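Morning, everyone. I have one structure to show you. Let me put it on the screen.

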Amino acid sequence: QVQLVESGGGLVQAGGSLRLSCAASGRSFSNYAMGWFRQAPGKEREFVTAISKSGGSTSYADSAKGRFTISRDNAKNTGYLQMNSLEPEDTAVYYCAAVRSYYDNSYYIAHSDYNYWGQGTQVTVSS
């Protein structure tokens with residue numbers, strides 16, 4: 001079992017930045033690939049970005065490329081999502097997710113790939 005807790009959400013003006021954190025407890029975080037998803041009101045949960053358990057491979061949704069950066073610190077059992085140049089369209093609840101991975105450089109982009117989820121953190125971007 002892995003427990004995930006997100007933090008760092010809040011209200012920010014368009015063009016601003018936020019850094020989300022995902023603290024993991026339980027099993028060794030370094031054995032898990034992780035990802036970030038988001039869900040806006042009335043919309044389905046969508047993929048934002050993912051990172052392999054080693055941190056050596058990443059993937060981004062088109063909407064996140066060039067603005068968001070995913071990273072992780074396995075020594076601290078924490079993953080991060082740095083979000084820059086935020087837009088009102090980025091307003092959503094952001095969730096981190098984890099899945100046991102047996103490959104150092106594999107990442108996962110499907111919602112169904114993940115079996116551990118945090119409770120989510122609200123990000124609101126005002127225009």
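I'll take the sheet, then the aromatic residues, then two serines. One caution before that: this is a predicted model.

Let's begin with the sheet. It is open and has four strands. The order is β1-β3-β8-β7, and the pairing is antiparallel. Which strands sit at the edges? Those are β1 and β7, residues 68–73, each pairing on one side only. From one strand to the next, the twist averages 15 degrees.

As background, strands of a sheet pair through backbone hydrogen bonds, either parallel or antiparallel. Now let's walk across this one, pair by pair.

Start at β1. Its partner is β3, residues 18–26, and six bridges hold that antiparallel pairing. For a landmark, find Leu4, which stands opposite Ala24 in β3. Move on to the next pair. β3 and β8 run antiparallel and are joined by six bridges. Here the landmark is Ala23, opposite Thr78 in β8. Then comes the last pair. β7 and β8, residues 78–83, are antiparallel over six bridges. Thr69 has Gln82 in β8 as its bridge partner.

Next, the aromatic residues. How many aromatic pairs does a search of the whole structure find? Five. Take Tyr32 and Tyr116. What geometry do their rings have? The ring centres are 6.0 Å apart. The planes meet at 75 degrees, so this pair is edge-to-face; the cut-off for that class is over 60 degrees. The pair also links distant parts of the chain. Tyr32 is in strand β4, residues 32–39, and Tyr116 is in strand β10, residues 116–117. That puts them 84 residues apart. Are these two tyrosines buried or exposed? Both Tyr32 and Tyr116 are buried.

There is a cluster to look at too. Phe37, Phe47, Tyr114 and Trp117 form one aromatic cluster.

Two arginines also belong in this part. Arg19 lies over the face of Tyr80, 4.0 Å from the ring centre. Arg45 does likewise with Tyr95, at 3.8 Å from the ring centre.

Now the two serines. The first on my list is Ser7, back in strand β1, residues 2–7. Ser7 has a relative accessible area of 39%, so it is partly exposed; that class runs between 20% and 50%. What does Ser7 touch, leaving out residues up to four places away in sequence? The contacts are Arg19, Leu20, Ser21 and Thr121. So we meet Arg19 again, the residue over the face of Tyr80. One distance to note here: the C-alpha atoms of Ser7 and Cys22 are separated by 6.6 Å, with their positions 15 residues apart along the chain.

The other serine is Ser101. Where is Ser101? In the loop between β9, residues 92–100, and β10. Its relative accessible area is 0%, so Ser101 is buried. A polar atom of the Ser101 side chain lies 3.1 Å from the backbone oxygen of Tyr103. Leaving out residues up to four places away in sequence, Ser101 touches Asn31, Tyr32, Ala33, Lys53, Ser106 and Tyr108. Notice Tyr32 in that list. Tyr32 is the ring paired edge-to-face with Tyr116.

To recap the serines: Ser7 is partly exposed, whereas Ser101 is buried. That's my tour. Questions, please.

Notes: Residues numbered from 1 in each chain as written. Predicted model: local features only at pLDDT ≥ 70, side-chain atom pairs only at ≥ 80, totals over all residues. Heavy atoms only, no water. Phe/Tyr/Trp six-rings, centres within 6.5 Å; stacked < 30°, edge-to-face > 60°. Buried < 20%, exposed > 50% of the residue type's maximum accessible area, 1.4 Å probe, protein only. Lys NZ or Arg CZ within 6 Å of the ring centre and 35° of its normal. Contact = heavy atoms within 4.5 Å. Pairing = 2+ DSSP bridges. Axes fitted to C-alpha atoms, helices over the stretch in contact; angles between N-to-C directions. Polar contact = N/O pair within 3.5 Å; in protein donor to acceptor, adjacent residues only side chain to side chain.
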